[in-house]
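Reader: I should like to examine this entry step by step, beginning from single residues and moving to the whole chain. May I put my questions in turn?

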Amino acid sequence: MKKFFTLFLAACLLCAPALALAEAPTPTAQSGSGVLVAYFSCTGNTRPIAEAIAEGLGADLFEIVPETAYTEGDLNYGDDESRTSIEQNDPDARPAIAAESAVEDMARYDVVFLGYPIWWSDAPRIISTFLESYDFSGKTIVPFCTSGSSGIGSSATDLEPLAEGAEWLEGRRFAAGTEADEIMAWVGSLGLFA
């Protein structure tokens, strides 16, 4: 009997995490609370993460589009004269955003998920342009990024002064191809949604 009880208890402990995950509700945006997922995805790695968050929350999706598209040569990390090398070495660089790429009514959003790739251990300067283009007072900003190996590092904290009055939550780095359930588990862990 003692052996049976021990085996039963062990089985319960092994199954508990799986049951907890199965019963955990999918996070959804609060009723009446606007959620925007804004992202910049030059090579296409950040876009699927942003799409998974927007779809999972039923949120609005917005792509930050540069006025002048980045070419393969612009993205050459090994060339100190490439466009992105020059921009990333200049903290005051503000690449222009395409005129047709504008959030129509930023005031209606309470939560903004902000996605970008990591370039030279930082957010691309076009993210600075985006943040300086709107009033984020009273909003919650949740950064997320993609990279081959670099973490989110200080990229988000470096951006915080550009969105005065916003509350920033800790961000996360995702690898290309991260599954939607892993992404939404992170979103759920933020405690923003019921």
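Reader: Is Ser-121 buried or exposed, and what is its relative accessible area?
Author: The model is predicted. A residue counts as exposed when its relative accessible area is over 50%. Ser-121 meets that cut-off and is therefore exposed, with a relative accessible area of 54%.

Reader: Where is Ser-121 placed, and what is its phi?
Author: Ser-121 is placed in the loop between β3 and α4. Although Ser-121 is not a glycine, its phi is positive, at about 65°.

Reader: Which class of exposure does Trp-120 have?
Author: Trp-120 is found in the loop between β3 (109–117) and α4 (125–132), and it has a positive phi of about 55° although it is not a glycine. The class between buried and exposed spans the values from 20% to 50%. The relative accessible area of Trp-120 is 31%, so this residue is partly exposed.

Reader: Which residues form one aromatic cluster with Trp-120?
Author: The model holds twelve aromatic pairs. Trp-120 belongs to one aromatic cluster, and the other members are Phe-40, Tyr-70, Tyr-77 and Trp-119.

Reader: How many of the residues of β3 are buried?
Author: The strand β3 covers residues 109–117. β3 is mostly covered, and the number of its nine residues that are buried is eight.

Reader: How many bridges join β3 to β4, and what is the hand of the crossover between them?
Author: Strand β4 spans residues 140–146 and runs parallel to β3, to which seven bridges join it. One of the bridge partners is Cys-145 in β4, which pairs with Tyr-116. From β3 the chain passes through α4 to β4, and this β-α-β crossover is right-handed.

Reader: Which residue of β3 stands opposite Leu-36?
Author: Strand β1, made up of residues 34–39, is parallel to β3 and is joined to it by six bridges. Within β3, the residue that stands opposite Leu-36 is Val-112.

Reader: Which residues have the most contacts inside the largest nonpolar core, and which elements give two or more residues to it?
Author: In soluble globular proteins, nonpolar side chains tend to be buried together. The largest nonpolar core here has 30 residues, and those with the most contacts inside it are Ile-64, Leu-114, Tyr-116, Phe-130 and Leu-131. The elements that give two or more residues to this core are β1, β3, α4, β4 and α5 (155–159).

Reader: How many residues are in the other core?
Author: Apart from the largest core lies another, which includes Val-37, Ala-50, Ala-54 and Trp-186. The size of this other core is 22 residues.

Reader: With which residues is Ile-64 in contact, leaving aside its neighbours within four places in sequence?
Author: Ile-64 is one of the residues with the most contacts inside the largest nonpolar core. Leaving aside its neighbours within four places in sequence, Ile-64 is in contact with Ala-38, Tyr-39, Phe-40, Ile-97, Ser-101, Leu-114, Ile-126, Ile-127 and Phe-130.

Reader: What is the geometry of the aromatic pair of Phe-130 and Tyr-134?
Author: Phe-130 is buried, because its relative accessible area of 1% is under the cut-off of 20%. Its pair with Tyr-134 has an angle of 55° between the planes and a distance of 5.3 Å centre to centre, and its geometry is tilted.

Reader: What is the geometry of the aromatic pair of Tyr-134 and Phe-136?
Author: Phe-136 is buried, with a relative accessible area of 1%. In the pair of Tyr-134 and Phe-136 the ring centres are 6.3 Å apart and the planes meet at 80°. Planes over 60 degrees apart count as edge-to-face, and so this pair is edge-to-face.

Reader: How many disulfides does the structure hold?
Author: Cys-42 is partly exposed, with a relative accessible area of 27%, whereas Cys-145 is buried, with a value of 0%. The number of disulfides in the structure is zero.

Reader: What distance separates the C-alpha atoms of Glu-132 and Leu-162?
Author: Glu-132 lies in helix α4 and is partly exposed, with a relative accessible area of 43%. Leaving aside its neighbours within four places in sequence, Glu-132 is in contact with Arg-94 and Leu-162. Glu-132 and Leu-162 are 30 residues apart along the chain, and their C-alpha atoms are separated by 6.0 Å.

Reader: What share of the residues of the protein chain counts as buried?
Author: The protein chain comes to six helices and six strands, in the order α-β-α-β-α-β-α-β-α-β-β-α from the N terminus. Of its 194 residues, the share that counts as buried is 43%.

How values were computed:
Residues numbered from 1 in each chain as written. Predicted model: local features only at pLDDT ≥ 70, side-chain atom pairs only at ≥ 80, totals over all residues. Heavy atoms only, no water. Helix = DSSP H or I, 4+ residues; strand = E, 2+ residues; numbered from the N terminus. Buried < 20%, exposed > 50% of the residue type's maximum accessible area, 1.4 Å probe, protein only. Pairing = 2+ DSSP bridges. Right-handed = clockwise from strand over helix to strand, strands pointing away. Core = buried A, V, L, I, M, F, W, Y, C linked by side-chain atoms within 4.5 Å. Contact = heavy atoms within 4.5 Å. Disulfide = S-S within 2.5 Å. Phe/Tyr/Trp six-rings, centres within 6.5 Å; stacked < 30°, edge-to-face > 60°.
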